[in-house]
Amino acid sequence: MTSNDTKRLRIAIQKSGRLSDESQGLFKKCGMKINLADRRLIAHVANMPIDLMLVRSSDIPGLVMDGVCDLGIVGDNTLEEHALERQLTGENSKYEKISSLNFGACRLSIALPEEVEYEGIQSLDGLRLATTYPRLLNRFASANNIKFEFCKLNGSVEVAPRVGLADGICDLVSTGTTLEANGLKEVEVIYQSKAALIKGEGPLNAVKQQTLDTLLPRIKGVLKARESKYIMLHAPKDRLNEVVALMPGSETPTVLPLAERDDRVAIHMVSTETFFWETMEELKNLGCNSILVMPIEKMMG
Ligand code: PRT
C-alpha cells in the first residue's frame, strides 16, 4: 500500500536532530496542531488531514521516492547523495523539490590537517578521504578529473585523519568550529545545502492535492515573513523624500498623518532587506524618531 491509498497527506520529517525543531516549527506556524507528546513514529495533525512521520533524516529521501510518504523535509546534501546512490543501483530516484527552506544551511567541504600545504584541487588527487557523502565527493572528483580513495563513516568523520584512517575529510560545515577544534582546515567547498520540502513523483489523489494546495501558500507565507521586517518610524515632513530613499526596499511605504503634528508623519513599510543599525542612525540624523523594526509572523498576498 502506498501513501496515496489514504486521504491524509503523509509528511516525513527528522525525528530528532538539527532539522527537527525547525521542521516542526514551520508546520506549527502554518497552523498545524501537532500532537507530539508520546513521540510515536506517526504524529497526527489534529486540525488538518495530515500525518507527520518522524524518522531519521537519512531515511527521508527513500520514503518519499518509494511513495511511502507524500512529502518530506530533508537537507539537499542527504537528498542528492541518496539520489546519486539510487541512480547507481538503478532504483527510482525521482522527486520534485517543492520549496527550498531557509534553515539547515551548511556546506559540504574537503578539509585537510592544518599542517598540510594545500596547492589547489590537483594536489588532492589520490588522497584517502573520510566521508558520509561518497557519491557527492565522487561527482566532484570526476568533474575535476581527480580520484580519491574513500573511507565511509557515518559519524565522527572529523577524527579520521588524527587516528590515521584518512588523509583528510569531506564533511558538513556550518560555523567551522568542529574543523578548527580537530586541527583541520577547509580547502574546497564542494556543495552548498539547505533544507528542502520534497514530493515524490506523480500526482497526489484529489483530497491530498487539496490539502497541499492549502498548505503550500502557508509555507511560502511563513518563509516570506521570516525574511521580512515591519518598519515604523516618525519622520519630519519636509525631509520625507530623503527618509524614504534611505529605507531598504521602500517602493511603497505607507505615509500617515500624526495627531496634532503638521510637521511630522508616520511611515510604515514591510522590507525584505536587512535593516542595518547604520541606516537607523542615518534616519535619526535626518530627524526621525520612534524607529521600530519588528519581526512579522505570517504574510499572505
Ligand atoms: O537524522 P539522521 O541521524 O539520519 O541525520 P544526521 O545524523 O545527518 O542528522 P543531523 O541532525 O546531524 O543533520 C541533519 C541535517 O542538518 C544535515 O543533513 C544537514 O542538511 C543539516 N546541517 C546543517 C548539518 C549541519 N548544519 C552541521 N553543521 N548537519 C551536520 N552538521 C555537523 C557536521 O557533520 C559536523 O560534525 O556539525 C559539525 C560541523 O558544525 P560546525 O558548526 O562546527 O561547522
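**View 1. Polar contacts hold the focus here, starting with Thr 175.** A polar side-chain atom of Thr 175 lies 2.6 Å from an oxygen atom of the ligand, a polar contact being a pair of N or O atoms within 3.5 Å. Look also at Gly 176, where a polar backbone atom is 2.8 Å from a ligand oxygen. Ser 57 brings in a backbone N or O atom, 2.8 Å from an oxygen atom of the ligand. On its own the ligand exposes 820 Å², and the protein buries 80% of that (Shrake-Rupley method, 1.4 Å probe). Keep in mind that this is a predicted model, with local features needing pLDDT of at least 70 and side-chain atom pairs counting only at pLDDT 80 or more, while totals for chains, interfaces and linings use all residues. Numbering runs from 1 along each chain as its sequence is written, and side-chain values use heavy atoms, with hydrogens and water left out.

**View 2. Meet the shell around the ligand.** There are 22 residues around the ligand, and Arg 18, Ser 57, Asn 77, Thr 175 and Thr 178 come nearest (near means a heavy atom within 4 Å). By type, the shell splits into five nonpolar, 13 polar and four charged residues, with Gly counted as polar.

**View 3. Now for the helices and strands behind the shell.** α3 (76–89), β9 (168–173) and α5 (177–181) each supply at least two shell residues; these are DSSP runs, with helices (H or I) of at least four residues and strands (E) of at least two. β9 gives the most, with three residues.

**View 4. Finally, the domains.** Domain 1 (9–103 + 195–225) and domain 2 (106–193) each give the shell at least three residues, with bounds from an automatic or database domain assignment.

Definitions and conventions
A polar contact is a pair of N or O atoms within 3.5 Å; within protein, one must be able to donate a hydrogen and the other to accept it, and residues adjacent in sequence count only if both atoms are side-chain atoms.
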